[in-house]
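Visitor: I would like a close look at a single part of this chain, with enough of its surroundings to place it. Could you take me through one hairpin and the residues beside it?

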Amino acid sequence: MTIELSFNLNSIENVAETLLHKVTTKTILFYGEMGVGKTTLIQALVRKLGGDQVTSPTFSIVNEYEVENDIVYHFDFYRINNVSEAYDIGIEDYFYSGHWVFIEWPEKIAGILPFETDISYIKLNKNGSRTLKLEVFEPELKNK
């Protein structure tokens, strides 16, 4: 199933709440060009989950946030050069931890992404609004 939402940054909290009600997994991939608002949306998601103080993990690659009754792992793979760097930080342990996993620049590690993910594409529109397209993982399609 694909869901499409258009929004302005001042309504990002509503978008985050909608996204959390629509996803079917705890792993969300965030595709979009630099500056489109991926980190801003992740900040709103973490707030909706009961956390605070979200910063971009551009240089650290992964940040961990405590939220209500859970943990969020926030990845930014923009600066990695190859998949072995992801393996070096123990990426598989994060992926299969059972906690929330939000990944910016997932295309940098495309070959090792988990199968069961929800995928978001964010596009900046000419009028300054954004369009979010969310592809929700459908378990019944797994065996097809």
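Guide: Read from its N terminus, the chain runs through the pattern β-α-β-α-β-β-α-α-β-β-β, and what we are looking at is a predicted model. That pattern comprises four helices and seven strands. The radius of gyration is 14 Å, close to the 15 Å that the globule rule gives for 144 residues, so the chain is as compact as a globular protein of that length. Along the principal axes, the C-alpha atoms fill a box of roughly 40 × 40 × 35 Å. Of the 144 residues, 49% are buried, and among contacts with a separation of 6 or more, 61% join residues that are 24 or more positions apart.

Within this setting, the part to examine is the hairpin of β3 and β4, which has two residues between the strands. Strand β3 covers residues 62-67 and strand β4 covers residues 70-76, and the two pair in the antiparallel sense over six bridges. One pairing can be named residue by residue: Val62 has Phe75 of β4 as its bridge partner. As a general point, side chains in a regular strand alternate between the two faces of the sheet.

Two residues beside these strands deserve attention for their backbone angles. Most residues other than glycine have a negative phi. Ile61 is not a glycine, yet its phi is positive, at about 75°. This residue sits in the loop between α2 (38-48) and β3. Asn69 also has a positive phi without being a glycine, with a value near 60°, and its place is in the loop between β3 and β4.

Are these two residues buried or exposed? Ile61 has a relative accessible area of 14%, and the cut-off for buried is under 20%, so Ile61 counts as buried. Asn69 has a relative accessibility of 76%, and exposed means over 50%, so Asn69 counts as exposed. The positive phi of about 75° therefore belongs to a buried residue in the case of Ile61, while the positive phi near 60° belongs to an exposed residue in the case of Asn69.

To return to the chain as a whole, its accessible surface comes to about 7,900 Å², of which 46% belongs to carbon and sulfur atoms. The chain carries 13 positive and 21 negative side chains, and the centres of these two sets lie 9 Å apart.

Note on methods
Residues are numbered from 1 along each chain as its sequence is written. This is a predicted model: local features need pLDDT of at least 70, side-chain atom pairs count only at pLDDT 80 or more; totals for chains, interfaces and linings use all residues. Side-chain values use heavy atoms; hydrogens and water are left out. The radius of gyration is taken over C-alpha atoms; the globule rule is 2.2 Å times the number of residues to the power 0.38. Buried means under 20% relative accessible area, exposed over 50%, partly exposed in between (1.4 Å probe, protein chains only). Contact means heavy atoms within 4.5 Å. Accessible areas come from the Shrake-Rupley method with a 1.4 Å probe; for residues, only the protein chains shown count as cover. Lys and Arg count as positive and Asp and Glu as negative; His and the chain ends are not counted. The place of a charge is taken as NZ of Lys, CZ of Arg, CG of Asp or CD of Glu. Two strands pair if DSSP finds at least two bridges between them.
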